[in-house]
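Thank you all for coming; I would like to take you through one model this morning, going region by region. Please have the sequence and the structure open as we go.

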Amino acid sequence: MPNHKTRLAVFCSGTGSNFKSLHEAIAKRPLDAEIVLCISNRSQCGAMEFARENGIAARHISEKQFATYAEFVEAMLAALGEYGVEAIALAGYMRKVPQAVVAAYPERMLNIHPALLPKFGGEGMYGIHVHTAVLASGEAESGATVHIVSEEYDKGRIVLQERVPVLPGDTPETLAGRVLECEHRLYPAALEKLLGEMKTAEIR
Ligand code: GRF
C-alpha cells in the first residue's frame, strides 16, 4: 500500500513521556505511522491527558470495569479493532497484556524497558526497582531496551538497545533520569526499525 501510515496504539499507565517522544518523532522525522489510540488502565494520567489534548482517542480499559477477565480482553480487542490498530507500543503500561492481545499482534508489539535486558528484567523489575537493583549489583553501565512483546515477560526479541554509564554518586533517581532521556531517543528509533521490518515483510 503506497503511503500507508501504520495505525498505532500506545498503552500507558503514567506520565507518558515515551508516548510524547513517539508522537513528536512521528511528526518530525517523519515516520510512516499515526498514533490513533491510547489505552490505559487509569482514567486519569499524564498519558491520557496528552492523548485528549492532541485529538488522539483515549480509552480507559481496566479489568475492574468487567465482571470477567474474558470480557476485559474482549473489550480491549474490540477497541483495537474499532481503530484499525496494526501495531502497539507499550509505554509505561503497568499491567500484563492479555495473551490473546499479544497473540493478535505477533512481531507487532513493542515494549520499552529501563535496563539492558536480559539483565534486570522480569517479575518485580519495574520503575525505580530496576535502577535500585542495577546500583546494588555494582554495574558500570545501564541503559534501555526496546523489545518485541512475546508470551514470556521481558523476553521477546530485542529490537534496539542503548547504553548509559552508571556514574559515581548515582542514586536510583539520577540513574532513572539518565535512562529515561536515553529511552526518548531509543523508542522512536526502534519504532522506525519495526516499521521498516513490517514493510519488508509485506513486500515478501
Ligand atoms: C519508562 O521508564 C519505561 O521504560 C517503563 O516505564 C517508564 C514509563 O515512563 N516501562 P513514561 O510514562 O513514558 O514517562
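Let me begin with a question: in which loop is F120 found? F120 sits in the loop between β5 and α5, and I should say at once that what we are looking at is a predicted model. The reason for starting there is the backbone, since F120 has a positive phi of about 55 degrees although it is not a glycine. As for its surroundings, F120 is buried, because its relative accessible area is 18% and the cut-off for buried is under 20%.

The loop between β5 (109-113) and α5 (128-136) also holds P118, and the peptide bond that joins L117 and P118 is cis, with omega at about 10 degrees. Another cis peptide bond runs from R29 to P30, with omega near -20 degrees, and P30 has its place in the loop between α1 (17-28) and β2.

Staying with backbone geometry, E107, which is not a glycine, has a positive phi of about 60 degrees, and this residue lies in the loop between α4 and β5. Is E107 buried or partly exposed? With a relative accessible area of 37%, E107 is partly exposed, whereas F120, as we saw, is buried.

Let me turn now to helix α3, residues 69-82. At 1.5 Å a residue, its 14 residues should span 20 Å, and the C-alpha atoms at its ends are indeed 20 Å apart, so the expected span and the computed one agree. Which residues of α3 are buried? They are F72, V73, M76, A79 and L80, and because they cover an arc of only 125 degrees around the axis, they fall on the same side of α3. The general background is that an α-helix has 3.6 residues a turn, so residues three or four places apart point the same way. On the face of α3 turned away from that buried side we find the exposed residues E74, G81 and E82. The cover over the buried residues of α3 includes the strands β1 (6-12), β2 (33-40), β3 (57-60) and β4 (87-90), together with the helix α4 (99-104). Just after α3, G84 takes a positive phi of about 55 degrees.

Next, the ligand, around which we find T15, G16, S17, N18, G92, I112, H113, P114 and E183. Looking at individual atom pairs, a polar side-chain atom of S17 lies 2.5 Å from an oxygen atom of the ligand, and a polar backbone atom of I112 is 3.0 Å from a nitrogen atom of the ligand. For E183, a polar side-chain atom lies 2.7 Å from an oxygen atom of the ligand. Taken on its own the ligand has 370 Å² of accessible area, and the protein covers 81% of that.

Finally, I would point you to S150, which is placed in the loop between β6 (141-148) and β7 (158-165) and is partly exposed, with a relative accessible area of 29%. What does S150 touch, if residues up to four places away in sequence are not counted? The answer is V102, K155 and G156. For orientation, S150 and F19 are 131 residues apart in sequence, and their C-alpha atoms are 21 Å apart in space.

Definitions and conventions:
Residues numbered from 1 in each chain as written. Predicted model: local features only at pLDDT ≥ 70, side-chain atom pairs only at ≥ 80, totals over all residues. Heavy atoms only, no water. Helix = DSSP H or I, 4+ residues; strand = E, 2+ residues; numbered from the N terminus. Expected span 1.5 Å × (residues − 1). Buried < 20%, exposed > 50% of the residue type's maximum accessible area, 1.4 Å probe, protein only. Arc of directions from axis to C-beta. Contact = heavy atoms within 4.5 Å. Near = heavy atom within 4 Å. Polar contact = N/O pair within 3.5 Å; in protein donor to acceptor, adjacent residues only side chain to side chain. Areas by Shrake-Rupley, 256 points an atom, 1.4 Å probe, with all protein chains shown as cover.
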